[in-house]
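I opened this entry to look up one loop residue and then the nonpolar packing. My notes follow the order of the look-ups.

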Amino acid sequence: MHPIKSYELQISTSKSVKNFKLIGDLVIFQRLSDHFTYGPGFILAKVVSVGMGKGKDNPMKVKVGDEILLRARPYDCIIFDNIKYEYVNEEKIFGIFTKEADTL
């Protein structure tokens, strides 16, 4: 079995993640802590940018500012202004923390 590799893309410092428009179902996130894991094998992260989704019948479920839970593993990353961000397809996100508890 081969170890999972992650790839890094460096973007010029004149560019910003705020004006970078994603396409498809990609999500750019930042880990809330490099050392924090939430339960066994999960990380907590904050969504920084989201794509448009897979089409009008399949819109994105996450939005900028959401705190999400992901499996702890290496993800491909992109660097804007010397700040490291990681990205993933939305389907790889385990869950979203809501502001209010949902009732059953």
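These entries start with an aspartate and end with the cores.

**Entry 1: Asp66.** I kept in mind that this is a predicted model. I first asked where Asp66 lies. I found Asp66 in the loop that joins strand E3 (42–50) to strand E4 (67–71).

Next I checked whether Asp66 is buried or exposed. Its relative accessible area is 9%, so I count Asp66 as buried, the cut-off being under 20%.

I then looked up which residues Asp66 is in contact with, leaving aside neighbours within four places in sequence. I listed Ala45, Lys46, Val47, Lys61 and Ile96. Lys46 sits 20 residues from Asp66 along the chain, yet I read 5.7 Å between their C-alpha atoms. I also followed the Asp66 side chain, and it reaches the backbone nitrogen of Lys63 at 2.9 Å.

**Entry 2: the largest nonpolar core.** I turned to the largest nonpolar core, which has 13 residues. Which of them touch the most other members? I noted Val27, Phe29, Val62, Ile68, Leu70, Val88 and Ile93. Strands E2 (26–31), E3 and E4 each supply at least two residues of this core. E3 gives the most, with 4 residues.

I picked Val88 for a closer look. Not counting residues up to four places away in sequence, Val88 touches Asp25, Leu26, Val27, Phe29, Leu70, Tyr75 and Ile93.

**Entry 3: another core.** Apart from the largest core, I logged another of 6 residues. Leu22, Ile28, Ile78 and Tyr85 are among them. For context, I added that nonpolar side chains tend to be buried together in soluble globular proteins.

How values were computed
Residues are numbered from 1 along each chain as its sequence is written. This is a predicted model: local features need pLDDT of at least 70, side-chain atom pairs count only at pLDDT 80 or more; totals for chains, interfaces and linings use all residues. Side-chain values use heavy atoms; hydrogens and water are left out. Buried means under 20% relative accessible area, exposed over 50%, partly exposed in between (1.4 Å probe, protein chains only). Contact means heavy atoms within 4.5 Å. A polar contact is a pair of N or O atoms within 3.5 Å; within protein, one must be able to donate a hydrogen and the other to accept it, and residues adjacent in sequence count only if both atoms are side-chain atoms. A nonpolar core is a set of buried Ala, Val, Leu, Ile, Met, Phe, Trp, Tyr and Cys residues joined through side-chain atoms within 4.5 Å.
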